[in-house]
Amino acid sequence: MKCIHCQVDTKLKDRQDGCCPHCKHAFAFEPARNDKLTDPAFEMVIERVSSLGTVRYTERNLYYEAARRVGRRSKATPWVLGGIGLFFLVSVLLTTKYFLLIPGGLFLLLAILNLPHQVAKLSYPEFANMLARWRSVHGTPKGLIVTREAPAVARPLPSDIQHYSFDRAVITDRRETADLLLANNFHFENNCAVLTIDGYPESAFDVVRAMLKNNPKLQVFVVHDATLRGQWLARELVRNQWFQPTARIVDVGLGVRHMQAFKGVWQAAEYGVAAMSAPELLREAPLLGKYTLELAAIRPEQTIKRLFRAMTGQPETGDDAGSGGVSSDWGSFSSDASSSDGGGDSFG
Amino acid sequence: MSGICGFVGDAPPGTLELMLGAIDYRGDRQSTFVEGNVALGYRFWGGRPSKAQAILERADVAVACAGTFAPAVASPPALVAERLVGGAPRFDDVDGAFAFAHWDRAAHALTLGRDPFGVRSLYYVEHAGTFYFATELKQLLAVPGLPVEMDPSALHKYLTFSFVPGEAVPIRGIRRLLPGHTLRYQRGRAEVSAYFRLQERTDEALRDVKTAVRTVRRLGRQAVERRLTGEKVGLFLSGGLDSSSVGVWLAKCGADVRAFSRDFGHQSVEREQARLVASTLGFEQIWVPASGERIAAVFDEVVHRLDLPFGDPVTAPQYLLGQAAHEAGLTVVFNGEGGDQLFGGWTSKPMIAAEIYADLYETEATSREERYLKSYHRFYGLEDALYTDDFKATVGPAGQRRAHLTPYLADAGETFLNRIRLADISLKGSQNILPRAERMANGWGLDVRTPLFDRVLAETAFRLPPELKLHGACEKYVLKRAMRRALPSEIVWQKKFGMSVPITDFVLSPAFAGILEDHLGDGAVRRRGLFQPEYIDGLRAGRDAPNETRRRRVGERLWTLLMLEAWLRRFVDARGARP
């Protein structure tokens with residue numbers, strides 16, 4: 001394993017004390033102890049999720065990048081193995097040499113075992129343990145979003161700010177999504193409010209909600225995971241009258257149609273909870289009763305760019321454009337969802 | 001148009017002529033005053049109304065004055081002499097676009113002054129015991145023997161702001177007199193003082209929307225009227241609210257107006273709006289094609305006329321507009337610059353969003369000043385990627401860029417919005433928008449008039465409650481209300497289109513390939529030694545930082561670098577020589 005500090009490659013016997021024999025820096029991981037990644041592999045995960053250190057990311061983003069790396073498999077392998085297995089089976093039919101059934105069966109079994117995963121092969125607790133070790137050895141990864149502790153006394157905002165509003169708002173179902181956008185200055189670049197439906201960030205929530213009501217032409221972009229609850233989010237906002245009735249609401253979140261491109265990083269859904277919360281949607285999208293896909297599985301750079309595209313691709317809201325209804329723009333996250341989003345197996 | 005220069009002290013023979021010669025495109029005549037080791041020079045166009053036709057010489061004083069006052073006066077230098085009795089400026093109501101030099105013969109004191117908002121410029125330098133001044137940097141560079149050495153700290157600021165803010169310019173030793181200031185030079189000492197400072201003072205009477213709207217309407221018209229001097233005028237009409245409003249007031253004043261509008265072909269974003277405004281107001285309209293080829297053709301002239309590096313790509317199309325106005329036989333043009341700064345354009349919004357969401361995360365930019373610096377979208381935060389280690393080591397201490405903003409953004413003012421507006425006017429308005437517009441117009445002998453930067457109108461704008469500027473998310477609300485019956489509703493209530501120069505397409509087009517390779521090719525970048533060629537190569541290939549969502553930033557950044565290299569060649573390497 002190469003040391004990430006001095007780049008010197010070492011054998012297991014040379015690093016029995018867990019340190020690089022050359023520069024004496026400690027290793028965070030040791031493949032011989034069944035760690036799922038090496039230090040250089042984890043470093044590469046950090047580089048990829050941060051687009052070479054230019055984009056900030058959440059722990060969930062880092063988790064999915066690591067999961068992709070751990071679950072990495074060649075797309076060709078199952079086809080090759082299956083082909084060999086079939087060759088043996090056809091040979092049995094042609095030659096009646098039944099002992100060939102054994103290797104044929106074995107190869108087919110291997111092909112099945114090598115099919116791409118659906119669910120992430122790295123659990124979050126495993127990842128959290130890895131990250132804790134990485135932090136203790138190498139420090140907090142650069143670009144990882146770390147929230148500040150709220151001060152005991154809230155920072156007062158200038159009093160005139162409440163009179164103004166935003167052109168746009170992103171409402172999301174997850175704090176991590178709000179953190180990703182805010183820490184990457186999405187609000188600053190796009191004059192865009194960012195809130196979660198459950199009141200995050202707390203320090204800004206009340207004032208921003210009040211400000212959103214100051215703009216009758218507000219454009220709202222609803223961003224959510226592919227979950228049953230996520231599919232409800234936009235309708236919930238309308239029902240709870242978050243905005244003026246003339247605001248335009250566009251659902252740009254993830255749905256079932258996005259899931260195929262992100263096989264390997266799905267999560268098992270909490271079926272019972274989901275079924276109780278949204279039985280109609282469960283009938284429409286039964287896959288979401290079994291699996292979910294988090295927005296954090298998409299690389300931060302792509303999430304930001306795709307959301308920007310979704311916003312700027314919308315027609316301007318005119319005097320009569322606000323219908324109070326909800327429209328969807330699924331294309332932004334699906335049209336070319338591919339390995340460049342962190343959706344394919346070729347990553348890592 | 002016009003310009004002044006001069007010195008106090010011993011200068012090499014012929015210096016005044018060299019300084020006047022450096023701006024020969026600013027006039028066909030010149031006037032000089034020489035007394036002992038004091039010299040004043042004035043270059044101007046003969047026969048233009050409201051302009052001084054010579055240096056004023058009286059028994060007690062000599063005054064050279066470039067530019068015009070608003071309202072116009074018969075003799076601008078006489079007005080300066082009248083208001084500078086005893087050396088103290090009484091400029092409480094003085095407005096216009098002017099720069100003057102006043103020599104008090106008895107007191108042996110030189111006083112320099114600039115207009116309140118900085119349409120006209122003044123630079124000065126002390127060299128070998130002699131004090132030199134001029135309205136353009138290139139005039140000082142013409143002084144024989146003056147050392148010309150670039151100032152990395154000023155370049156560092158340029159790369160953040162896209163213009164050079166403050167008193168320093170990118171040549172060591174040369175200083176700039178700030179707008180609304182005077183400088184008194186006596187017995188070898190220079191003393192600078194301000195006569196004008198915009199301040200926020202909300203007027204309760206203006207909380208009534210109707211009163212506020214009526215006031216803006218009245219003062220806007222008055223601002224235009226004060227700048228009309230009887231000739232046929234041009235209007236640089238973009239189709240946006242600001243230039244259209246100036247058009248409305250020009251029409252109400254009965255001015256004979258011809259509108260000039262930029263045409264970017266299929267990439268024009270406000271063409272239909274400009275057409276609609278011109279037809280609504282009954283103006284003859286001239287379309288000025290602004291293609292990559294045309295901009296490339298005037299690139300060197302633009303750099304020379306700008307005098308300082310300005311990294312906003314709007315300058316070259318402005319130069320082409322000026323050319324069209326000049327060819328149409330005009331000498332005066334109006335523009336709508338200043339509407340965003342005075343009445344609350346879209347630039348306030350990012351700062352409001354940033355203020356609300358500040359301090360949430362570790363390692364983020366924490367100060368209001370840093371957030372403001374980011375809003376310029378040049379190279380703030382990209383220094384590690386762009387600068388070479390050698391350059392980085394010379395740019396000066398941390399905090400020097402923030403220091404330009406602190407006086408405006410600190411909590412001293414009444415409201416957050418107006419603190420941002422004050423910073424915008426004082427930096428972006430007075431040190432970027434106005435001087436560059438003046439220089440582009442003067443490149444063609446035109447006198448530029450910017451009525452939205454009228455002193456009374458601006459002071460009133462800072463008495464308006466801020467919610468009448470940014471009303472919810474509606475920008476420039478009071479100006480929109482003032483214009484809603486005079487202009488079609490699609491002009492008044494349209495959303496801002498933002499940057500309208502398709503600069504990325506221009507600089508990456510074949511028309512610019514030669515200029516780009518010559519100025520920012522690998523060899524050129526290495527020779528200059530300021531920047532890492534790899535970063536610039538990425539921009540030239542159309543690649544920006546992965547977290548950048550807007551393609552136009554590639555062009556804006558390339559243009560900023562291109563202008564800087566061209567400026568260094570013209571002004572540092574060649575001492576301001578013409579192309």
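**Exercise 1. A cis proline in each chain**

In which loop of chain A does A:Pro201 lie? Then do the matching job for B:Pro71 in chain B.

*Solution.* One thing to keep in mind before you start: this is a predicted model.

Step 1. Go to chain A and find β2 (192-196) and α8 (202-212); A:Pro201 sits in the loop between them.

Step 2. Check the peptide bond that joins A:Tyr200 and A:Pro201: it's cis, with omega about -5°.

Step 3. Now hop over to chain B. B:Pro71 is placed in the loop between β5 (61-69) and α2 (76-83). The bond leading from B:Ala70 to B:Pro71 is cis too, and omega here is near 0°.

**Exercise 2. Domains and an odd phi in chain A**

Work out how chain A is split into domains, then find where A:Asn34 sits.

*Solution.* Step 1. Chain A comes in three pieces: domain 1 (12-73 + 118-138), domain 2 (76-113) and domain 3 (161-341).

Step 2. Take the C-alpha centres of domain 1 and domain 2 of chain A, and you get a separation of 37 Å.

Step 3. For A:Asn34, look in the segment before α1 (39-49) of chain A. A:Asn34 isn't a glycine, yet its phi is positive, about 70°.

**Exercise 3. Reading the strands of chain B**

Trace the open six-stranded sheet of chain B, then pick apart the hairpin of β11(B) and β12(B).

*Solution.* Step 1. Write down the strand order of the open sheet: β2-β3-β1-β9-β8-β10, with antiparallel pairing.

Step 2. Look for the edges. β2 (29-35) and β10 (175-176) of chain B are the edge strands, since each pairs on one side only.

Step 3. Follow β2(B) to its partner. β2(B) pairs with β3 (residues 38-44) of chain B over seven bridges, in the antiparallel sense. One bridge to spot links B:Glu35 with B:Val38 in β3(B).

Step 4. Move on to β11 (residues 181-186) and β12 (residues 189-194) of chain B, an antiparallel pair with six bridges. B:Tyr185 has B:Ala190 in β12(B) as its bridge partner.

Step 5. Zoom in on the turn. Two residues lie between the strands of this hairpin, and B:Arg187 takes a positive phi near 50°.

**Exercise 4. Where the chains meet**

Describe the contact between chain B and chain A: how many residues take part, and what area is buried?

*Solution.* Step 1. Count heads: 38 residues come from chain B and 46 residues from chain A.

Step 2. Now the area. About 3600 Å² is buried between the two chains, and carbon and sulfur atoms give 58% of that. On the chain B side, B:Ile356, B:Tyr357 and B:Tyr361 supply 23% of the area that chain B buries against chain A, more than any other three residues.

Step 3. Add the charges. There are five salt bridges between the chains. In one salt bridge, the side chains of B:Asp359 and A:Arg148 meet at 3.7 Å, N to O, which is inside the 4 Å cut-off.

Step 4. Tally the polar contacts across the interface, and you should land on 17 residue pairs.

Step 5. Ask which helices of chain B do the touching. α11 (348-356), α12 (368-374) and α16 (416-442) each supply at least two residues, and α11(B) gives the largest share, eight residues.

Step 6. Finish by sorting the chain B side by class: 16 nonpolar, eight polar and 14 charged residues.

Notes
Residues are numbered from 1 along each chain as its sequence is written. Chains are lettered from A and ligands numbered from 1 in the order in which they are written. This is a predicted model: local features need pLDDT of at least 70, side-chain atom pairs count only at pLDDT 80 or more; totals for chains, interfaces and linings use all residues. Side-chain values use heavy atoms; hydrogens and water are left out. Domain bounds come from an automatic or database domain assignment. Contact means heavy atoms within 4.5 Å. Buried area is the accessible area (1.4 Å probe) that two parts lose on being put together, summed over both. A polar contact is a pair of N or O atoms within 3.5 Å; within protein, one must be able to donate a hydrogen and the other to accept it, and residues adjacent in sequence count only if both atoms are side-chain atoms. Helices (H or I, at least four residues) and strands (E, at least two) are DSSP runs, numbered from the N terminus. Ala, Val, Leu, Ile, Met, Phe, Trp, Tyr, Cys and Pro count as nonpolar, Asp, Glu, Lys and Arg as charged, and the others, Gly among them, as polar. Two strands pair if DSSP finds at least two bridges between them.
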